[in-house]
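Please open the structure in your viewer and keep the sequence panel visible. The tour proceeds by selections, each followed by a short account of what is found there.

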Amino acid sequence: MNRIITIIFLLFSSISIFSQNTKSKSTETTKPFVLGVIDELQSKELGENRILNIYLPEGYNPKDNEKYPVIYLLDGSADEDFIHISGLVQFNSFEWINQVPKSIVVGIATVDRRRDFTFPTTLEKDKTRFPTTGHSDKFIAFIEKELQPFIDKKYKTTTSKTIIGQSLGGLLETEILLKKPFLFNKYVIVSPSLWWNNGSLLNSDSEILHENFNQQTEVYIAVGKEGLTPTEIPRVMEVDANLLAEKIKASKNKNIRVYFDYLPTENHGTILHPAVSNSFRFFYPQNKE
């Protein structure tokens with residue numbers, strides 16, 4: 001009798017276990033979460049392959065006639081700023097927020113930011129500390145001659161082009177703004193490393209400072225509580241950023257709109273996310289009824 005009870009118990013146990021395993025397998029729906037696409041562009045200007053992380057807005061269809069503004073993001077690797085900036089763009093373009101038009105985000109993955117984001121320095125110590133520096137001209141040529149034409153050809157884009165960068169990325173943006181201002185019409189310059197080469201960029205002339213510059217351009221400049229720069233001659237990040245803003249404002253060109261944003265509760269490591277969020281309010285002001 002005990003043997004019969006034992007056999008019946010084992011039989012029901014086996015059925016129960018089999019049933020649980022079958023249920024588990026039938027309800028398993030794990031699949032990848034896709035945020036965007038990865039493109040690769042072989043650059044002749046840089047002599048290397050560059051990775052591009054692309055966020056496409058909800059509803060994007062290459063067969064539709066609708067076109068989208070493009071936001072170019074420096075330091076745009078997946079483990080840098082691509083994910084959280086794309087999230088900001090997505091959030092602000094939700095229909096119940098409606099702060100930012102649906103946009104394409106192009107994250108330019110970093111290879112060597114000291115090489116790509118800096119122009120040549122006259123300081124021997126910096127040349128020794130950072131031996132690969134001084135090739136921003138090639139990176140700017142890559143953006144102008146290869147990257148922008150590639151994106152405009154492959155994706156459905158408008159003429160609206162924004163660039164976002166921080167620190168050395170902000171330095172590069174400032175160089176583009178002063179030397180090649182027509183490449184973008186919106187600049188998000190965050191904590192720019194204007195101390196580079198003893199602040200020489202702040203002394204340079206530019207066509208955007210002249211009255212005949214006729215492109216509508218918006219420049220948002222932000223800095224946190226960051227203090228002294230890593231230079232022999234003392235400089236202050238907040239002061240340099242403000243000097244850049246005042247330099248552009250001094251032109252009194254009606255085609256250029258500048259906003260200086262001081263975020264005293266943020267530092268060099270935390271400022272980018274809130275600054276980009278603030279820049280959207282500056283670029284796309286909403287009328288409060």
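Begin with the largest nonpolar core of this predicted model, a set of 51 residues. Select Val106, Phe139, Leu147, Ile151, Ile176, Ile221 and Ile248, which have the most contacts inside that core. As general background, nonpolar side chains in soluble globular proteins tend to be buried together.

Next, keep Ile221 selected and display its surroundings. Which residues is Ile221 in contact with, leaving aside its neighbours within four places in sequence? They are Ile189, Ala241, Leu244, Ala245, Ile248, Val258, Tyr259, Phe260 and Asp261. Ile248, one of these partners, also belongs to the group with the most contacts inside the largest core.

Now select Leu88, Val188, Ala222 and Ala275. These residues are included in a second core, separate from the other and made up of 23 residues.

Turn then to the largest pocket, which holds about 350 Å³ of space. Select Tyr55, Leu56, Pro57, Glu58 and Gln90: among the 16 residues of the lining, these are the closest to the centre of the pocket. If the lining is coloured by residue class, ten residues are nonpolar, three are polar and three are charged.

Finally, select the whole protein chain and switch to a cartoon view. The chain has nine helices and eight strands. Of its 289 residues, 49% count as buried. Where contacts link residues at least 6 apart in sequence, 74% of them join residues at least 24 apart. With the surface displayed, the accessible area amounts to about 15,900 Å², and carbon and sulfur atoms account for 55% of it.

Methods
Residues are numbered from 1 along each chain as its sequence is written. This is a predicted model: local features need pLDDT of at least 70, side-chain atom pairs count only at pLDDT 80 or more; totals for chains, interfaces and linings use all residues. Side-chain values use heavy atoms; hydrogens and water are left out. A nonpolar core is a set of buried Ala, Val, Leu, Ile, Met, Phe, Trp, Tyr and Cys residues joined through side-chain atoms within 4.5 Å. Buried means under 20% relative accessible area, exposed over 50%, partly exposed in between (1.4 Å probe, protein chains only). Contact means heavy atoms within 4.5 Å. On a 1 Å grid over the protein atoms alone, a cavity is a set of points where a 1.4 Å probe fits but cannot get out, and a pocket is an open set with protein on both sides within 12 Å along at least five of seven lines; lining residues have an atom within 4 Å of a point. Grid points are joined across faces, edges and corners, and a volume is the space filled by probe spheres set on the points. Ala, Val, Leu, Ile, Met, Phe, Trp, Tyr, Cys and Pro count as nonpolar, Asp, Glu, Lys and Arg as charged, and the others, Gly among them, as polar. Helices (H or I, at least four residues) and strands (E, at least two) are DSSP runs, numbered from the N terminus. Accessible areas come from the Shrake-Rupley method with a 1.4 Å probe; for residues, only the protein chains shown count as cover.
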